[in-house]
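Visitor: I am new to reading structures, and I would like a close look at the inside of this one. Please take me through it slowly, one step at a time.

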Amino acid sequence: MTMTRSMKLLTALLMASTPFAAQAKAPAAMKKEAMAEVDEQAKLVQEMVDSVFSFQEPGFQEFQTAEYLTGILEKNGFTITKGVAGIPTAWTATWSNGDGPVVALGSDVDGLLGLSQMPGVPELKPIVPGAPGHGEGHNSGMPLIVAAAIAAKEVMIKHGIKGKLMLWPGVAEELLATKAYYVRAGLFKDVDVSIFTHVASSFGTSYGDSGNNGMVSVEYTFKGITSHAAGAPWSGRSALDAVELMNIAWNMRREHLPLTQRSHYVITNGGGQPNIVPGEASVWYYFREQNFESIRHLYNTGSDIAEAAAKATGTFVSRRVLGYAAPNFGNKPLAEAAQANIEMVGMPKWSPEDQAFTKAVQEALKFKVAPLKTTVEPLSSPETRGTSMGGGSDDIGDIMWTVPTITIRFPSNIPSMIGHNVTSAIAMATPIAHKGAVAGAKAVALTVLDVMTTPKLVSDAKTYFTTVQTKDQKYDPVLTPEDQPAIHLNKELMERIRPELKKYYYDPSKYSSYLEQLGITYPQLTPQ
């Protein structure tokens with residue numbers, strides 16, 4: 001046997017023995033049917049994207065969004081369960097075609113405070129000044145998931161494919177405040193694999209350690225003694241002094257923390273008026289790090305400093321966990337399957353109007369000019385991403401450490417925008433957002449069919465989860481049994497502002513798009 005034949009035989013044996021070798025997926029003809037099903041729902045996708053954008057609901061207050069999306073799913077044969085995990089705006093929607101793989105499909109739905117923005121205009125212009133808005137683009141994700149689920153369901157019925165779909169919304173993701181509670185409540189205990197989506201200006205997926213940070217969100221409340229701030233300050237013990245001392249001490253400690261940590265805070269209660277020694281004051285911290293042990297250590301360090309500040313000021317401190325997010329880790333076999341489907345779908349066909357609007361927005365805001373992308377991103381891996389020095393968080397990580405999970409990023413926004421900023425809302429109820437969501441829905445639907453028709457894909461995903469992802473690190477959230485979802489957040493704001501927001505809800509029975517309802521001609525290329 002020649003050396004060449006020996007090497008070929010060895011290569012073949014290695015490929016056959018690897019647990020993640022390529023395998024057959026759903027037939028191409030079946031996938032074409034699924035893509036056609038999504039195309040038939042393009043109008044519904046546009047209506048859903050625009051409607052959720054118009055609701056402008058922040059975390060834990062997504063009541064209109066929940067009612068709207070569950071209503072559509074219920075009409076399409078899904079069974080709805082509301083108020084899951086003790087969260088009023090959380091729900092699941094399930095449909096089964098018999099015993100088979102269980103696939104969870106989800107995306108986030110909440111907006112951000114103060115980011116109300118008129119869509120389709122190259123300028124900063126709120127719909128309702130001071131109101132929340134979709135400055136992250138979360139209005140597009142669940143519409144995508146709904147369309148993908150309906151398409152996959154129709155193909156599964158037609159071909160007698162067994163399996164179950166379970167849809168869920170990412171409530172209060174911007175607060176990183178619910179998915180750990182979903183996991184704790186057992187929402188994913190019977191799920192085989194999970195597919196998540198997030199808006200982007202690109203189209204792709206990834207696997208392995210993403211390099212982002214996990215996080216714990218915690219509010220420290222100090223209790224002191226009130227007194228006349230001028231007449232008898234010695235009789236008081238200032239809770240605000242304790243908050244300020246904690247913040248000073250934490251900022252001193254930053255110099256001696258790893259470079260990968262991220263931490264930030266806001267004072268949520270600084271007292272009442274200056275002539276009263278504050279008897280109560282609170283500060284809200286985000287502690288971010290790259291692995292479970294480091295997150296817990298950072299949290300414990302912050303709590304130690306809070307206790308020290310209380311002792312130094314003669315006050316008492318309590319703490320409440322408001323949210324948690326595990327580091328993200330994508331599943332390789334699922335990502336490889338999804339990547340093939342993303343490449344099959346390809347980027348949306350952008351019109352000259354789409355590209356002109358993109359350029360107009362970038363130029364008006366003095367951002368880098370970059371056209372809408374026309375090619376999908378290559379599969380992202382730890383090797384291609386390189387070393388991470390920390391960054392943002394996403395509580396999809398809690399689900400990733402519970403069942404094999406991937407995130408598909410879909411192209412519903414335009415390049416160069418700032419995250420968590422009104423600029424990221426400008427395109428989110430335009431044809432760009434609609435086309436990107438349709439493309440993403442196709443990729444999700446095709447990946448669902450791969451899972452449902454390929455037992456080896458499911459087993460490979462689980463093998464990777466147990467032998468690679470969780471080999472040396474296990475899910476270890478800081479939540480205690482006493483910690484409960486912070487459903488009070490944003491309640492007072494929305495009770496006050498919702499009547500004004502309702503005036504701007506999209507009415508698809510009267511208008512072909514939200515832009516039409518707002519009197520905006522697309523593409524608007526100059527500020528008005």
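Guide: Let us begin with Y514, which is buried, since its relative accessible area is 0% in this predicted model. Y506 is buried too, with a relative accessible area of 6%, and we shall come back to how the rings of these two residues face each other.

Counting pairs of aromatic rings in the model gives a total of 18. In one of them, the ring centres of W168 and F188 are 5.6 Å apart and the planes stand at 85°, so this pair is edge-to-face. W168 belongs to strand β4 (residues 164-170), while F188 sits in the loop between α6 (179-184) and β5 (193-200), so the pair ties together parts that are 20 residues apart in sequence. Both partners are hidden from the outside: W168 is buried with a relative accessible area of 0%, and F188 is buried with 2%. Returning now to Y506 and Y514, their ring centres lie 5.9 Å apart and their planes meet at 65°, and because an angle over 60 degrees counts as edge-to-face, this pair is edge-to-face as well. Elsewhere, ring pairs join Y220, W250, Y265, Y285 and F287 into a cluster.

Strand β4, which holds W168, is also part of a sheet. This open sheet is made of seven strands in the order β1-β2-β4-β3-β5-β13-β6, with mixed pairing. At its edges are β1 (79-82) and β6 (204-205), each of which pairs on one side only. Further in, β4 and β3 (residues 102-108) pair in the parallel sense over seven bridges, and V103 has L165 of β4 as its bridge partner. As general background, the strands of a sheet pair through backbone hydrogen bonds, either parallel or antiparallel.

A helix lies across this sheet: α13 (residues 431-453) crosses β3, β4, β5 and β13 (405-411), and runs at about 150° to β13.

The next step is to ask which side chains gather inside. In soluble globular proteins, nonpolar side chains tend to be buried together. Here the largest nonpolar core has 160 residues, and those that touch the most other members are F78, L105, L165, L167, F188, Y220 and F222. Helix α13 gives the most to this core, namely 14 residues. We have already met F188 as the ring partner of W168, and L165 as the bridge partner of V103.

L105 deserves a closer look, as one of the residues that touch the most other core members. When its neighbours within four places in sequence are left aside, L105 is in contact with I145, A149, L165, M166, L167, W168, I195, V444 and V448. Several of these names fit the picture built so far: W168 lies in β4, whereas L165 and L167 are listed with L105 among the core residues that touch the most other members. Following the contacts of L105, which include W168, therefore leads back to the edge-to-face pair that W168 makes with F188.

Note on methods
Residues numbered from 1 in each chain as written. Predicted model: local features only at pLDDT ≥ 70, side-chain atom pairs only at ≥ 80, totals over all residues. Heavy atoms only, no water. Phe/Tyr/Trp six-rings, centres within 6.5 Å; stacked < 30°, edge-to-face > 60°. Helix = DSSP H or I, 4+ residues; strand = E, 2+ residues; numbered from the N terminus. Buried < 20%, exposed > 50% of the residue type's maximum accessible area, 1.4 Å probe, protein only. Pairing = 2+ DSSP bridges. Contact = heavy atoms within 4.5 Å. Axes fitted to C-alpha atoms, helices over the stretch in contact; angles between N-to-C directions. Core = buried A, V, L, I, M, F, W, Y, C linked by side-chain atoms within 4.5 Å.
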